[in-house]
Amino acid sequence: TPSSAASDVYKRQPVASLRSATRKLAEGDLSARVGPPVADRRDETGDLARDFDAMAGRLEHLVGSQRRLLRLSATLISRTLPGRTVSSVLTACIPQT
């Protein structure tokens with residue numbers, strides 16, 4: 001029936017959008033978001049899309065902060081310990097098990 005076909009599209013499209021964003025994030029695209037119109041829905045699917053987008057945004061922020069810290073650390077190491085590499089300094093700081 002036409003109404004059930006429309007309902008199927010309404011249900012499947014958001015799932016496809018969520019799956020696509022999930023795959024992109026898993027592949028390293030930290031800018032991946034579900035976004036509208038799925039995140040604008042006022043049902044559990046919309047809730048899930050908004051939660052995914054919030055999680056992806058937090059991951060992007062955390063990884064960006066980590067990258068900035070690593071760049072700063074590399075700069076400081078190169079200025080204060082000439083001839084030493086970041087990896088050699090970090091290796092020396094990590095306890096061996």
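**Note on a predicted all-helix chain and its salt bridges**

1. Glu60 counts as partly exposed because its relative accessibility is 33%, a value between the 20% and 50% cut-offs. The model is predicted, and this applies to every value below. Glu60 is a useful starting point for this note, as its side chain meets that of Arg33 in a salt bridge, with 2.6 Å from N to O. The pair links distant parts of the chain: Glu60 sits in helix α2 and Arg33 in the loop between α1 (2-26) and α2, 27 residues apart. Arg33 also counts as partly exposed, because its relative accessible area is 31%.

2. The overall layout is as follows. The protein chain has three helices and zero strands, and along the sequence the pattern reads α-α-α. Of the 97 residues in the chain, 20% are buried. The chain exposes about 7,300 Å², and carbon and sulfur atoms supply 60% of that area. Among contacts between residues at least 6 apart in sequence, 37% join residues at least 24 apart.

3. How far apart are the end C-alpha atoms of helix α2? They are 53 Å apart. Helix α2 covers residues 44-80, which is 37 residues, so at 1.5 Å a residue it should span 54 Å, and the two values agree. The expected span is 1.5 Å times one less than the number of residues.

4. The start of α2 has a polar contact to check in the viewer. A side-chain oxygen of Asp43 reaches to within 3.1 Å of the backbone nitrogen of Thr45. Asp43 also forms a salt bridge with Arg41, the closest N and O atoms being 2.5 Å apart. The two partners differ in cover: Arg41 counts as buried because its relative accessibility is 11%, whereas Asp43, at 24%, counts as partly exposed. Asp43 thus appears both in the contact with Thr45 and in the salt bridge with Arg41.

5. How many salt bridges does the structure hold? It holds three. Besides Glu60 with Arg33 and Arg41 with Asp43, the side chains of Arg50 and Asp47 meet at 2.4 Å, N to O. Arg50 and Asp47 are three residues apart in helix α2, so about one helical turn separates them. An α-helix has 3.6 residues a turn, so residues three or four places apart point the same way. Side chains of opposite charge can pair when their charged atoms come close. Both partners count as partly exposed: Arg50 because its relative accessibility is 27%, and Asp47 because its relative accessible area is 38%.

6. Which residues of α2 are buried? They are Gly46, Ala49, Phe52, Asp53, Ala56, Gly64 and Ile77. Gly64, found in helix α2, has 16% relative accessibility and therefore counts as buried. Gly64 and Leu30 are 34 residues apart in sequence, while their C-alpha atoms are 9.5 Å apart in space.

7. Ala49, one of the buried residues of α2, can be set beside Ser17. The C-alpha atoms of Ser17 and Ala49 are separated by 8.9 Å, although the residues are 32 apart along the chain. Ser17 lies in helix α1. At 24% relative accessibility, Ser17 counts as partly exposed, because buried means under 20%. Leaving aside neighbours within four places in sequence, Ser17 is in contact with Val34 and Val38.

8. The surface of α2 is not only polar or charged. Leu69, Leu72 and Leu76 form a nonpolar surface patch, with about 300 Å² of accessible area together. Leu69 is found in helix α2 and counts as exposed because its relative accessibility is 53%. The cut-off for exposed is over 50%.

9. One peptide bond deserves a look. Pro36 and Pro37 are joined by a cis peptide bond, with omega about 0°. Most peptide bonds are trans. Pro37 lies in the loop between α1 and α2, and Arg33, the salt-bridge partner of Glu60, is in that loop too.

Key
Residues numbered from 1 in each chain as written. Predicted model: local features only at pLDDT ≥ 70, side-chain atom pairs only at ≥ 80, totals over all residues. Heavy atoms only, no water. Helix = DSSP H or I, 4+ residues; strand = E, 2+ residues; numbered from the N terminus. Buried < 20%, exposed > 50% of the residue type's maximum accessible area, 1.4 Å probe, protein only. Polar contact = N/O pair within 3.5 Å; in protein donor to acceptor, adjacent residues only side chain to side chain. Contact = heavy atoms within 4.5 Å. Areas by Shrake-Rupley, 256 points an atom, 1.4 Å probe, with all protein chains shown as cover. Patch = residues over 30% accessible without salt bridge, like charges linked within 9 Å, V, L, I, M, F, W, Y side chains within 5 Å. Salt bridge = Lys/Arg side-chain N within 4 Å of Asp/Glu carboxyl O.
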